[in-house]
4 protein chains.
Amino acid sequence: MATTEASPTAPAPESETQARRRGRQRSAETEQVILQVTRELLVECGVQGLTIEKVAARAGVAKTTIYRRWRDKDELALAVVLDMVEQVVKLPELGDTRAELLAFVNAAVKVLGSTLMGRVMQGLVSDLATDPELAQAFRDRVVSVRDGEVARLVERGIARGDLRPDTNPETAHELLIGPVYYRLLLSGRPLDRAFAKRNVEAVLRAFAPDPPTA
Amino acid sequence: MATTEASPTAPAPESETQARRRGRQRSAETEQVILQVTRELLVECGVQGLTIEKVAARAGVAKTTIYRRWRDKDELALAVVLDMVEQVVKLPELGDTRAELLAFVNAAVKVLGSTLMGRVMQGLVSDLATDPELAQAFRDRVVSVRDGEVARLVERGIARGDLRPDTNPETAHELLIGPVYYRLLLSGRPLDRAFAKRNVEAVLRAFAPDPPTA
Amino acid sequence: MATTEASPTAPAPESETQARRRGRQRSAETEQVILQVTRELLVECGVQGLTIEKVAARAGVAKTTIYRRWRDKDELALAVVLDMVEQVVKLPELGDTRAELLAFVNAAVKVLGSTLMGRVMQGLVSDLATDPELAQAFRDRVVSVRDGEVARLVERGIARGDLRPDTNPETAHELLIGPVYYRLLLSGRPLDRAFAKRNVEAVLRAFAPDPPTA
Amino acid sequence: MATTEASPTAPAPESETQARRRGRQRSAETEQVILQVTRELLVECGVQGLTIEKVAARAGVAKTTIYRRWRDKDELALAVVLDMVEQVVKLPELGDTRAELLAFVNAAVKVLGSTLMGRVMQGLVSDLATDPELAQAFRDRVVSVRDGEVARLVERGIARGDLRPDTNPETAHELLIGPVYYRLLLSGRPLDRAFAKRNVEAVLRAFAPDPPTA
DNA sequence: GACTAAGCGAGACGGTACGTCGCGTCTTAAA
DNA sequence: TTTAAGACGCGACGTACCGTCTCGCTTAGTC
């Protein structure tokens with residue numbers, strides 16, 4: 001039955017190397033056009049207002065061409081998100097724990113607050129709860145990547161003596177990023193550098209090593 | 001067009017005192033039946049699968065009767081959420097800052113983690129970004145209420161000497177609740193008491209008063 | 001069950017003379033307003049587009065006030081038609097059969113071709129087939145009245161020697177008026193005096209007395 | 001808006017020869033099922049009671065499949081009518097003018113008086129006034145076809161010396177058919193052979209050639 | 001070079017739900 | 001009692017997208 005077993009991530013990685021399928025090859029260009037149009041429509045209409053039919057029409061592409069690559073519109077939207085997230089650069093080692101934490105939060109604040117990523121995330125988040133595959137993909141590709149980054153960051157902070165040795169990286173991650181999404185999704189308060197700064201200071205205090213007892 | 005200017009909150013509270021409207025009154029009973037059925041369907045199908053037609057059918061009510069009160073299904077769903085949130089009891093003064101913070105976070109963790117509120121919030125959050133009226137209502141009725149509670153809690157903590165005098169209640173609120181929604185909506189990690197505990201401890205340290213310099 | 005047994009003609013003739021009902025009396029003015037608005041709407045929208053709700057709104061009257069007087073919109077429309085038909089004056093005796101026939105056809109051509117009667121009849125005719133009471137009323141008040149007129153006209157024509165003694169008045173009526181409605185309802189050809197003239201000439205020939213055999 | 005420019009007659013005959021449209025072809029079988037079901041429902045419920053939803057349900061077809069072919073229920077009903085009218089056979093040359101006229105009128109009397117065509121026409125006639133396209137189609141496909149037939153009939157009658165040379169075929173047509181529709185739509189009198197006979201005799205007299213002056 | 005298995009555009013198709021309109025009935029408070 | 005106002009159950013409307021399914025090309029391999 002299952003026509004194509006499109007993975008929830010990249011469109012049909014297939015059997016990797018070798019075994020080049022016979023018949024006409026899927027056009028990579030078409031793929032890019034679809035993704036680009038999807039990006040545009042996500043900005044204009046949100047995930048809610050995104051429709052395969054609109055994408056197809058504006059991309060000058062048949063609906064089947066889209067369905068051949070992505071199972072449904074949520075998967076298409078996710079593909080766009082992952083595409084963007086993957087472009088988020090790794091955070092550099094700055095030698096200063098405060099600076100590194102700030103860089104981490106500011107990166108999130110910036111991408112969610114001033115690019116279409118924020119809009120897309122707002123629209124996508126409800127689908128994450130509905131579609132387990134989508135959720136899994138999001139967690140594997142975004143949450144756990146950030147988890148890893150924070151873990152390394154915390155490690156370095158501990159090594160430098162800036163953070164308590166028992167600092168739980170998961171808790172740190174949640175304290176750093178939770179408020180960001182809370183503003184984006186629920187309270188609607190602005191995502192700006194002052195907010196990031198305030199948040200980082202609190203987290204630093206929360207995990208500051210105990211002062212040496214005199 | 002504009003038949004009735006159904007408010008996004010309760011259905012048409014009107015001018016309250018006096019000026020009893022002419023014409024047949026809206027049945028309060030009907031209202032309750034609709035809300036109850038909506039609650040049930042939200043549990044069964046999620047916000048995604050909620051349908052005005054299903055609500056109407058199960059409530060034994062005409063679609064128009066629903067549309068007369070709520071503009072669309074999102075507004076109806078929100079009405080249910082607000083209805084439930086409003087029933088969330090005020091947190092009592094416990095005399096202990098740690099206990100009060102824990103009670104606050106645990107309340108959120110419990111309602112979002114083990115009632116249908118979690119499901120509903122997951123489904124609703126995307127609509128908050130789309131519909132400004134909905135968002136406003138949510139902020140007025142939920143966010144700012146919690147803001148107030150945290151502010152009082154922080155005040156008491158400062159008075160008791162448990163929190164630094166410059167503790168920013170908004171930041172505290174975001175650190176306490178942000179991670180809860182992050183788990184609910186994005187990371188999918190469990191909402192349990194251990195998580196609440198860990199979070200509260202971190203926040204307490206973040207806003208602990210400076211130790212007296214000897 | 002039957003709330004009001006509104007007759008299909010005039011609104012609620014009630015118990016005739018005497019026995020003035022207790023309570024507030026129905027306003028005759030209201031009646032006129034409703035009829036006038038109905039006339040207007042019939043012109044603007046046709047019977048098809050006529051709605052009780054529009055009538056009520058424009059007349060500044062409650063729907064119930066209309067339903068109290070007429071069973072439904074068809075009956076209301078018919079009331080307007082009958083109202084108009086009744087105003088059609090009796091044809092005078094002209095002393096000339098050709099002139100009388102022409103006057104008869106021309107009257108129909110004029111009222112159907114250049115007043116709203118034509119529009120109304122077009123819209124009403126489908127309902128005549130559906131609603132037997134309506135049909136009966138129409139036949140009693142319009143068809144048979146015309147029948148009578150034609151019968152007298154034919155009688156006079158026979159007396160004058162202009163028509164054969166065995167002239168069937170019903171056939172004459174149908175030949176005179178059938179083509180008029182055929183144009184109005186089906187062929188869409190113009191209703192003008194030339195058409196009337198041509199038609200009358202044919203009918204005159206059809207019923208001309210046999211020439212005296214020499 | 002304008003999805004397909006469904007013609008008011010047959011559903012999208014397109015450019016006929018060549019230029020086979022791309023995409024999946026419309027199923028001719030589906031078309032026939034819909035028309036058949038429509039015919040049935042017209043008999044059962046009349047045009048008034050005809051519903052796209054009922055047609056779709058009974059035909060086992062999606063509503064969209066119907067709307068893709070006909071703009072609305074009136075157009076669908078007309079399609080059925082035209083379909084039936086088109087099946088009305090051409091009148092044969094009988095060699096006798098009286099017989100030919102009788103055959104013509106009797107054909108109309110029969111189809112309108114004893115098949116569902118009568119019912120359908122009653123229901124449709126109001127829509128003819130509303131929808132110009134519908135009206136045009138009806139005139140092209142029904143009125144003018146009958147016009148042509150009568151014209152030929154009249155010609156032959158003149159050639160045979162049965163009709164006056166100046167017989168106006170349009171007037172003849174209207175005198176023959178007008179009374180039939182008058183009975184069907186307005187007076188409700190029976191459509192029978194006696195009526196047809198009487199009518200034809202009158203028309204024959206109306207267009208009888210002048211007797212040779214001795 | 002012919003064969004053949006996709007890819008591709010177009011668009012028909014069965015569905016589900018939408019939000020609207022108008023019906024005719026009913027309830028309410030005022031006149 | 002009538003009236004204006006308007007809630008109510010109901011049935012149908014015509015539309016929007018969904019995801020699937022033909023069609024008749026076009027394009028790339030493999031034989």
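How many nonpolar, polar and charged residues does the surface near DNA strand F have? Keep that question in mind as we walk through this structure, which is a predicted model. By class, the count is eight nonpolar, 17 polar and 23 charged residues.

Let us stay with the DNA for a moment. In total, 48 residues surround DNA strand F, and the closest are B:Gly23, B:Thr65, B:Arg69, C:Thr65 and D:Tyr67. On the strand's own side, sugar and phosphate make up 64% of the atoms that come within 4 Å of the protein.

Some individual meetings are worth finding in the 3D view. Start with chain A, where the side chain of A:Arg24 has an N or O atom 2.9 Å from a base oxygen of DNA strand F. In chain B, a polar backbone atom of B:Gly23 lies 3.2 Å from a base nitrogen of the strand. Chain C offers a contact with a phosphate: a backbone N or O atom of C:Ala62 is 3.1 Å from a phosphate oxygen of DNA strand F. As for the elements that give two or more residues to this surface, you will find α3 (63–67) of chains A, B, C and D, together with α2 (52–59) of chain A and of chain D.

Now turn to the place where two protein chains meet. The contact between chain A and chain B takes 42 residues from chain A and 43 residues from chain B. About 3,600 Å² of area is buried between them, and carbon and sulfur atoms give 55% of it. In chain A, the residues that lose the most area to chain B are A:Glu174, A:Tyr182 and A:Leu186, which together account for 20% of what that side buries.

Charges take part here too. Twelve salt bridges are found across the interface of chain A and chain B. One of the pairs to look for is A:Glu170 with B:Arg198, whose side chains meet in a salt bridge at 3.4 Å, N to O. Counting polar contacts between chain A and chain B gives 23 residue pairs, with both residues at pLDDT 80 or more.

Which elements of chain A give two or more residues to the side that touches chain B? They are α6 (116–130), α7 (132–160), α8 (169–187) and α9 (193–206). The most comes from α8(A), with 14 residues. Sorted by class, the residues on this side of chain A are 20 nonpolar, twelve polar and ten charged. For the surface near DNA strand F, recall, the division was eight nonpolar, 17 polar and 23 charged.

Notes. Residues are numbered from 1 along each chain as its sequence is written. Chains are lettered from A and ligands numbered from 1 in the order in which they are written. This is a predicted model: local features need pLDDT of at least 70, side-chain atom pairs count only at pLDDT 80 or more; totals for chains, interfaces and linings use all residues. Side-chain values use heavy atoms; hydrogens and water are left out. Contact means heavy atoms within 4.5 Å. Buried area is the accessible area (1.4 Å probe) that two parts lose on being put together, summed over both. A salt bridge is a side-chain nitrogen of Lys or Arg within 4 Å of a carboxyl oxygen of Asp or Glu. A polar contact is a pair of N or O atoms within 3.5 Å; within protein, one must be able to donate a hydrogen and the other to accept it, and residues adjacent in sequence count only if both atoms are side-chain atoms. Helices (H or I, at least four residues) and strands (E, at least two) are DSSP runs, numbered from the N terminus. Ala, Val, Leu, Ile, Met, Phe, Trp, Tyr, Cys and Pro count as nonpolar, Asp, Glu, Lys and Arg as charged, and the others, Gly among them, as polar. A residue is near a molecule or strand if one of its heavy atoms lies within 4 Å of it.
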